[in-house]
Amino acid sequence: MSQTLTTKLQPGTQAPDFTLQDAQGRETALADYRGKNVIVYFYPKAATPGCTTEACDFRDSLASLQGKGYEVIGISPDAPEALAGFTGDFSLTFPLLSDQDHAVALAYGAWGEKLVNGEITEGIVRSTVVLDPEGKVTLAQYQVKADGHVAALKEALGIELSPGRSLT
């Protein structure tokens, strides 16, 4: 296990800029999203059960997120070709970006040790960082669960409440 230490991003801090390839091999930069609220989520591996659940939840919630002014970007260590298959197989309608050397995940605090099937491994820690139009962190969530994460995120952002929940 390497001793790679990552610092989790905190609200109010400027998010690190990045430029990564999308599923079609085109470069996409965080700077392309200036002026918009952006949800950047990190997931371990395309087309695995948890990552598929999370991606499909983002896909299914995209209209309500965009309706409140949020764009979504997914980032994983997968190669662009794997992202293209994942995007096509599940009709994903937001950009997936390839961070093969995990430099962006490290910069965002989304890379580190985690427990997988009883073993400590190093890799992507499922995380979501929400940025304001100037690129500052407004919300950072680490070690989130794939199932139910998007609904909880929407609630945290005030986009909608879960049935039976109130703000009081």
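**A chat about a predicted fold**

Biologist: Which classes of residue make up the lining of the largest pocket?
Modeller: The lining has eight nonpolar, two polar and four charged residues. Ala, Val, Leu, Ile, Met, Phe, Trp, Tyr, Cys and Pro count as nonpolar, Asp, Glu, Lys and Arg as charged, and the others, Gly among them, as polar. A pocket is an open set of points on a 1 Å grid where a 1.4 Å probe fits, with protein on both sides within 12 Å along at least five of seven lines, and lining residues have an atom within 4 Å of a point.

Biologist: Hang on, what sort of model is this?
Modeller: It is a predicted one, where local features need pLDDT of at least 70 and side-chain atom pairs pLDDT 80 or more, while totals for chains, interfaces and linings use all residues. Residues are numbered from 1 along each chain, and side-chain values use heavy atoms, without hydrogens or water.

Biologist: Back to the pocket. Which strand gives the most to its lining?
Modeller: That is β6, with four residues. β6 (111-116) and β7 (119-124) each supply at least two. Strands here are DSSP runs of E with at least two residues, helices runs of H or I with at least four, numbered from the N terminus.

Biologist: Let's look at Ile124. Where is it found?
Modeller: Ile124 belongs to strand β7.

Biologist: Is Ile124 buried or exposed?
Modeller: Ile124 counts as buried because its relative accessibility is 3%; the cut-off for buried is under 20% relative accessible area.

Biologist: And what is Ile124 in contact with?
Modeller: Leaving aside neighbours within four places in sequence, its contacts (heavy atoms within 4.5 Å) are Phe42, Tyr43, Pro44, Pro77, Ala105, Ala110, Trp111 and Lys114. Take Trp111: it is 13 residues from Ile124 in sequence, yet their C-alpha atoms are 4.6 Å apart.

Biologist: New topic: in what order do the strands of the open sheet run?
Modeller: The seven strands go β2-β1-β5-β4-β3-β8-β9, and the pairing is mixed. At the edges are β2 (27-29) and β9 (137-142), each pairing on one side only. Two strands pair if DSSP finds at least two bridges between them.

Biologist: How many bridges do β4 and β5 share?
Modeller: Three, in the parallel sense, joining β4 (residues 70-76) and β5 (residues 96-98). To find one of them, start at Gly74, whose bridge partner in β5 is Leu96.

Biologist: Which strands does α1 lie across?
Modeller: α1 lies across β3 (37-42), β4 and β8 (127-131). For α4, the strands are β3, β8 and β9.

Biologist: So which residues do α1 and α4 bring to their contact?
Modeller: From α1 come Glu54, Asp57, Phe58, Ser61, Ser64 and Leu65, and from α4 His149, Val150, Leu153 and Lys154. By class, this contact has four nonpolar, three polar and three charged residues.

Biologist: Which residues of α4 are buried?
Modeller: His149, Val150, Leu153, Lys154 and Glu155. These buried residues pack against α1 as well as β3, β8 and β9.

Biologist: What comes just after α4?
Modeller: Gly158 sits there, with a positive phi of about 75°.

Biologist: Last one: why is Thr52 called buried?
Modeller: Thr52 is called buried because its relative accessible area is 12%. It is part of helix α1, and beyond its neighbours within four places in sequence, Thr52 touches Ala47, Phe86 and Phe90.

How values were computed. Buried < 20%, exposed > 50% of the residue type's maximum accessible area, 1.4 Å probe, protein only. Axes fitted to C-alpha atoms, helices over the stretch in contact; angles between N-to-C directions.
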